[in-house]
Structure formats: C-alpha cells, structure tokens
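Good morning, colleagues. I should like to take you through one structure this morning, beginning with its sheet and ending with its salt bridges.

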Amino acid sequence: MARARTELERRLLDEFQRDFPLEPRPFAAVAERLGVDEATVIATLGRLKDEGSVSRVGAVFRPGGVGESTLAAMAVPVEDLPYVAQLVNEYEEVNHNYEREHRLNLWFVVCGPDRARVEAVLRDISTRTGLAVLDLPMVQDYHLDLGFPLRWN
C-alpha cells in the first residue's frame, strides 16, 4: 500500500508537470514558489524518484528538434522479456521502454545525436538479442500533453 503524500510532494507532483523553470537554478525557483528551500525540493524529488513515483525530471524536446529519434518494437518471447527489457534499458539512448499486450510486446524510443547513432543502437540491440527490431521513425508529429491533475485519496 502506498504511503500518504505530504503536501509538498503533492504540490511538486501536480504543479510542475509542465512549465518547469528554465533557469540556472530551477530547483531554487520551485522552492521559492513552494515556500521551502532548494535543498528540500531536491531531497523530496530524490525520495520520490527512489521510491519510483518520479522517473525523471528533465526537458522533453520536440521530436526532430534536437537530434534524431525513433519508436521501436520487438516481438520478444514472454520468458525472455525481463532479460531483453533489461538489456534495452542499458542503452542511454533508450527511453519509454514498456511492455504491450501484442505480438510486438516490447516498445521503446531511441534518441541519438543523428540517424546513424539511432540505427547503430537498433542494430546492436538486434545483434545482442538475436531478435528483429522494428524501426518506426516518425512521419508526422502529434503533441499529446501527458500532464494531468492527480487525484489524491
């Protein structure tokens, strides 16, 4: 059972899903808005990350705006899925690695400085796993705002 969130945790999770301060000391700006000190904000976010409530705090760039990226999918035998998912996660270029209920059951996004690096990562994953990697580069972008108000029990 999840523990109850403090008021500070709730505000950090709710109020900074978008429009995170873009300045040299963003956590100080967050702290000022929340009426706490910078160290408290950093420690609280670290605790939320350690317990898995926050995966990361960072910028999201429009696809194609900086470097290259692609969506990739693999059909992984179910018994091999934990191993292959872990292997895929080892690449610093990989994010959004998740399981789907489909023949193509492992999906992830690969980002790199250029298309050659993205392709090299996909080839390497395929070579190391012995499985084909489906490369699905973006044809047209759509913006989905994944920020949403959280409901607290």
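How many of the seven residues of strand E3 are buried? Six of them are, so described for residues 106–112 on the basis of a relative accessible area under 20%. Please keep in mind that this is a predicted model.

Let us look at the partners of strand E3. Strand E1, residues 68–74, pairs with E3 through seven bridges in the antiparallel sense. Within that pairing, Val 109 of E3 is the bridge partner of Leu 71. Strand E2, residues 94–99, also runs antiparallel to E3, and four bridges join the two. Here Trp 107 in E3 stands opposite Tyr 98. The connection from E2 to E3 is a hairpin of six residues.

Taken as a whole, the sheet is open and has four strands, in the order E2-E3-E1-E4, with antiparallel pairing. Its edge strands are E2 and E4, the latter covering 134–136, and each of these pairs on one side only. On average, neighbouring strands are turned by 20° against each other, direction ignored. Across E1, E2, E3 and E4 lies helix H5, residues 115–129, which runs at about 20° to E1.

I turn now to the charged side chains. Side chains of opposite charge can pair when their charged atoms come close. The structure holds nine salt bridges, and I shall discuss several of them.

One is formed by Arg 33 and Glu 15, whose closest N and O atoms are 3.5 Å apart. This pair links distant parts of the chain, since Arg 33 belongs to helix H2 (residues 26–34) and Glu 15 to helix H1 (residues 7–15), 18 residues apart. Arg 33 is partly exposed at 48% relative accessibility, and Glu 15 is partly exposed at 27%.

A second joins the side chains of Arg 117 and Glu 93, at 2.8 Å from N to O. Because Arg 117 lies in helix H5 and Glu 93 in the loop between helix H4 (81–89) and E2, the pair ties together parts that are 24 residues apart in sequence. Is each partner buried or partly exposed? Arg 117 is partly exposed, with a relative accessible area of 35%, whereas Glu 93 is buried, at 12%.

Another stays within helix H5: Arg 115 and Glu 119, with their closest N and O atoms 3.0 Å apart. The two residues are four apart, about one turn of the helix. Finally, Arg 11, Glu 15 and Arg 33 are joined into one network by salt bridges that share partners.

Notes. Residues numbered from 1 in each chain as written. Predicted model: local features only at pLDDT ≥ 70, side-chain atom pairs only at ≥ 80, totals over all residues. Heavy atoms only, no water. Buried < 20%, exposed > 50% of the residue type's maximum accessible area, 1.4 Å probe, protein only. Pairing = 2+ DSSP bridges. Axes fitted to C-alpha atoms, helices over the stretch in contact; angles between N-to-C directions. Contact = heavy atoms within 4.5 Å. Salt bridge = Lys/Arg side-chain N within 4 Å of Asp/Glu carboxyl O.
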